[in-house]
Amino acid sequence: SSALRWSTAIQRGGAIYQEGDTLRLTSTRIEHCEAYIHGGGIASMGAVVLIDQSSMSENTAGGNGGVLYLNGGAAVVNATTMENNYASGNGGAVSSSAGTGLVVSESTFNDNRASSGGAIDNAGALTLTSSTLSGNTADNNGGGLRSTGSASSDFSTIAFNHSAQGGRAHVSGSFIPRSTIF
């Protein structure tokens with residue numbers, strides 16, 4: 001187990017900036033990190049990011065992605081908790097841009113906040129499985145989830161989130177919910 005705490009980036013990736021290749025984090029805590037632009041915890045530019053059995057809390061981004069900012073590439077988040085993170089822009093916990101694949105499974109997103117997409121802001125392709133987005137807040141759209149890309153949700157809970165429009169989810173791209181509680 002490892003911990004990354006109390007670090008700041010003037011631009012992207014408060015704890016980690018990853019460009020290309022693969023980043024693997026297992027049993028890792030990322031806490032109290034900040035990026036003045038994107039990715040309070042991690043900024044990934046065209047990389048593959050694998051996060052498993054980790055905890056990420058109290059991170060802040062001046063732009064998008066309170067914890068995780070994804071610009072291209074792909075990410076898998078498994079059995080991970082992201083809570084109490086903040087982005088001034090979009091994606092209180094995760095911001096995923098167009099052309100990015102994001103798979104989230106058996107994970108929990110609580111009490112994150114952003115302008116849009118309180119927990120997750122997706123412009124790429126999102127698959128959400130057996131996960132919970134709860135207690136998140138967006139000032140504008142998508143308290144739990146905002147998706148302008150494609151998204152599917154299986155056996156997940158997207159409830160008790162708040163925003164001006166789409167308290168639970170605000171979707172303008174394709175969205176396929178299966179066995180999902182709203």
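**View 1. Gly166 sits in the loop between β26 (162-165) and β27 (169-171).** Helices (H or I, at least four residues) and strands (E, at least two) are DSSP runs, numbered from the N terminus. This is a predicted model, in which local features need pLDDT of at least 70 and side-chain atom pairs count only at pLDDT 80 or more, while totals for chains, interfaces and linings use all residues. Residues are numbered from 1 along each chain as its sequence is written, and side-chain values use heavy atoms, with hydrogens and water left out.

How accessible is Gly166? Gly166 has 28% relative accessibility, so Gly166 counts as partly exposed. On this scale, buried means under 20% relative accessible area, exposed means over 50%, and partly exposed lies in between (1.4 Å probe, protein chains only). Setting aside its neighbours within four places in sequence, Gly166 is in contact with Gly142 and Gly143, where contact means heavy atoms within 4.5 Å. If you would like a distance to check, take Gly166 and Gly144: they are 22 residues apart along the chain, and their C-alpha atoms are separated by 8.6 Å.

**View 2. Seven strands make an open, parallel sheet in the order β4-β8-β12-β16-β20-β24-β28.** Two strands pair if DSSP finds at least two bridges between them. At the edges are β4 (22-26) and β28 (175-178), each of which pairs on one side only. From one strand to the next, the twist averages 5°; axes are lines fitted to C-alpha atoms, for helices over the stretch in contact, and angles run from 0 to 180 degrees between N-to-C directions.

**View 3. Here is strand β8 (residues 48-52) with its partners β4 and β12.** Which side chains of β8 are buried? Val49 and Ile51 are, and they point to one face; Val48, Leu50 and Asp52 point to the other face and are not buried. Five bridges hold the parallel pairing of β4 and β8, and Arg24 stands opposite Leu50 in β8. Another five bridges join β8 to strand β12 (residues 74-78), again in parallel. There, the bridge partner of Val49 is Ala75 in β12.

**View 4. Strand β24 (residues 150-154) is mostly covered, with four of its five residues buried.** Strand β20 (residues 125-129) runs parallel to β24 and is joined to it by five bridges. β24 also pairs with β28 in the parallel sense, over four bridges. A handy residue to follow is Ser152: this residue of β24 is the bridge partner of Thr127, and Ser152 in turn has Ile176 as its bridge partner in β28. Ala151 likewise stands opposite a residue of β28, namely Phe175.

**View 5. A further open sheet of seven strands has the order β1-β5-β9-β13-β17-β21-β25, with parallel pairing.** Why is one side of β1 (2-5) and of β25 (157-159) left without a neighbour in the sheet? Each of these edge strands has a single partner strand, so nothing in the sheet flanks its other side. Neighbouring strands of this sheet are turned by 5° against each other on average, direction ignored. Within the sheet, strand β17 (residues 108-110) and strand β21 (residues 132-134) run parallel and are joined by three bridges. Phe109 stands opposite Leu133 in β21.

**View 6. Two serines are shown here, Ser44 in strand β7 and Ser96 in strand β15 (residues 94-96).** Ser44 has 0% relative accessibility and therefore counts as buried. Not counting residues up to four places away in sequence, Ser44 touches Gln18, Val49, Tyr69, Leu70 and Asn71. Ser96, at 1% relative accessibility, counts as buried too. With the same residues left out of the count, Ser96 touches Leu70, Leu102, Asp121, Asn122, Ala123 and Gly124. Look for Leu70 in both places: Leu70 touches Ser44 and Ser96.

**View 7. Ile10, Tyr36 and Ile37 form a nonpolar patch on the surface.** Together these residues have about 310 Å² of accessible area, from the Shrake-Rupley method with a 1.4 Å probe; for residues, only the protein chains shown count as cover. Patches are made of residues with over 30% relative accessible area and no salt bridge, with like charges joined within 9 Å and nonpolar side chains (Val, Leu, Ile, Met, Phe, Trp, Tyr) within 5 Å. A salt bridge is a side-chain nitrogen of Lys or Arg within 4 Å of a carboxyl oxygen of Asp or Glu. Tyr36 lies in the loop between β6 (34-35) and β7 (42-45). Tyr36 has a relative accessible area of 47%, so this residue is partly exposed.
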